[in-house]
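Please look at the sequence and the model side by side before reading on. The paragraphs below are meant to be followed with the structure open.

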Amino acid sequence: MSAHRLRHSWRRPVMAAVAATAVAVPAAAFATDSAPAAASATSTSADLADRPLDDAYYEAAAGKTGDELNTALHSIISEQTKLSYDEVWDVLKTTDEDPDNASNVILVYSGRSQAKDATGAGADDWNREHVWAKSHGDFGTSTGPGTDIHHLRPEDSSVNSARDNLDFDNGGDPVDQAPGSRSDSDSFEPRDAVKGDVARMILYMAVRYDGTDSFPDLEPNDQVDNGSAPAMGRLSVLKQWHDADPPDAFEKARNDKIYGIQKNRNPFIDHPEWVTAIWK
């Protein structure tokens, strides 16, 4: 796998107004006074107001690679509004809304368009899938990694159960109600259209949760069957999925909506080249 060169002319000049208007949720529930954490001490409010969000938000990461980039991105994306697990239900109805049917959400592994109100554990209901399985680090559903909507997605309840806490890898048997997805005793392979999405969610979690602020140190590794360890694999496969399935319009729009609610972004959607800049 060839390394990508870091670019100093930022690739996604998303304006703050886009994220601010992208979601329709109660303002009081998700209001925050936090400004983007990446602004340097020499940047004035007027400077940042006249610059694209992408440029201003990631300013502290410019020109960095490896551990320095990882540390800079952790500092940037750790400035966020934290949600309760109950709030996640309504938020996912916004972030994962079917662009062709505003009454539905798109299920991440199944790819099915499902009625927003069909939530629960019954047949064909959808529930809240933790892409970084919550047992990998034992963080549960308390506010923090257990409620971070960058890796929480709607999914058919039976498919959610089939995925369970499996690591990610290629191979296995077809998963019922999730066309294109496969699983075996120690791994889960999502459908091709979201392989990169899954990889970028896992890598976001690894950068955001590094063992500080009382949360476990989540790390990707190159193995499966990680059990309750705060680790998720397989990293080499996740990097392949990231390259093969670059961010699409739905994933980019979702990142913008999350910024409007949770006030932080997934840097690997905005800058896919940073994956190989951190994980050689």
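What follows is a walk through a small sheet, the aromatic pairs, one helix and the salt bridges.

The model shown here is predicted, and the description can begin with its sheet. Three strands form an open sheet in the order 1-2-3, and their pairing is antiparallel. Because strand 1 (97–98) and strand 3 (113–115) stand at the edges with a single partner strand each, one side of each is left without a neighbour in the sheet. Strand 1 and strand 2 (residues 101–106) run antiparallel and are joined by two bridges. For Glu-97, the bridge partner in strand 2 is Val-105.

The aromatic side chains come next. A pair of aromatic rings is described by the distance of the centres and the angle of the planes. The structure holds eight aromatic pairs. In one of them, Phe-168 and Trp-241, the ring centres are 6.3 Å apart and the planes stand at 75 degrees, so the pair is edge-to-face. This pair links distant parts of the chain, since Phe-168 belongs to strand 6 (residues 167–168) and Trp-241 to helix 9 (residues 235–244), 73 residues apart. Phe-168 has a relative accessible area of 0% and is therefore buried, and Trp-241, with a relative accessible area of 4%, is likewise buried. Tyr-209 and Phe-215 also form an edge-to-face aromatic pair, with 5.6 Å from centre to centre and 85 degrees between the planes, and both of these residues are buried. Elsewhere, ring pairs link Tyr-57, Tyr-58, Tyr-259 and Trp-274 into a cluster.

Two of the aromatic rings can also be considered together with a basic side chain. Trp-241, already met as the partner of Phe-168, has Lys-195 over its face, at 5.6 Å from the ring centre. In the case of Tyr-85, the residue lying over the face of the ring is Arg-128, at 3.6 Å from the ring centre.

Helix 10 (residues 249–262) deserves a closer reading. At 1.5 Å a residue, its 14 residues should span 20 Å, and the C-alpha atoms at its ends are 20 Å apart, so the expected and the modelled spans agree. Is the helix largely enclosed by the rest of the structure or largely exposed, and why? Of its 14 residues, 10 are buried, so helix 10 is largely enclosed by the rest of the structure. The buried residues include Glu-251, Arg-254 and Tyr-259, and Tyr-259 is also one of the residues in the ring cluster described above. The N-terminal end of helix 10 is capped by Asp-248, which places a side-chain oxygen 3.3 Å from the backbone nitrogen of Phe-250. Just after the helix, Lys-263 takes a positive phi of about 70 degrees.

The charged side chains complete the picture. Side chains of opposite charge can pair when their charged atoms come close. The structure holds 14 salt bridges. Arg-163 forms one of them with Glu-129, and the closest N and O atoms of the two side chains are 3.0 Å apart. Since Arg-163 lies in helix 7 (residues 157–163) and Glu-129 in strand 4 (residues 126–130), the pair ties together parts that are 34 residues apart in sequence. Arg-163 counts as buried because its relative accessibility is 0%, and Glu-129 counts as buried at 1%.

A further salt bridge returns the reader to helix 10. The side chains of Arg-200 and Glu-251 meet at 2.8 Å, N to O. Here too the pair links distant parts of the chain, with Arg-200 in helix 8 (residues 195–208) and Glu-251 in helix 10, 51 residues apart. At 0% relative accessibility, Arg-200 counts as buried, and Glu-251 counts as buried at 5%.

Asp-213 and Arg-208 form a salt bridge in which the closest N and O atoms are 3.2 Å apart. How exposed is Asp-213, and what is its relative accessible area? Asp-213 is partly exposed, with a relative accessible area of 36%, whereas its partner Arg-208 counts as buried at 0% relative accessibility. Finally, Asp-90, Lys-93 and Asp-117 are linked in a network of salt bridges.

Technical notes:
Residues are numbered from 1 along each chain as its sequence is written. This is a predicted model: local features need pLDDT of at least 70, side-chain atom pairs count only at pLDDT 80 or more; totals for chains, interfaces and linings use all residues. Side-chain values use heavy atoms; hydrogens and water are left out. Two strands pair if DSSP finds at least two bridges between them. Helices (H or I, at least four residues) and strands (E, at least two) are DSSP runs, numbered from the N terminus. Rings of Phe, Tyr and Trp (its six-membered ring) pair if their centres lie within 6.5 Å; planes under 30 degrees apart count as stacked, over 60 as edge-to-face and the rest as tilted. Buried means under 20% relative accessible area, exposed over 50%, partly exposed in between (1.4 Å probe, protein chains only). A charge sits over a ring if NZ of Lys or CZ of Arg is within 6 Å of the ring centre and within 35 degrees of the ring normal. The expected span of a helix is 1.5 Å times one less than its number of residues. A polar contact is a pair of N or O atoms within 3.5 Å; within protein, one must be able to donate a hydrogen and the other to accept it, and residues adjacent in sequence count only if both atoms are side-chain atoms. A salt bridge is a side-chain nitrogen of Lys or Arg within 4 Å of a carboxyl oxygen of Asp or Glu.
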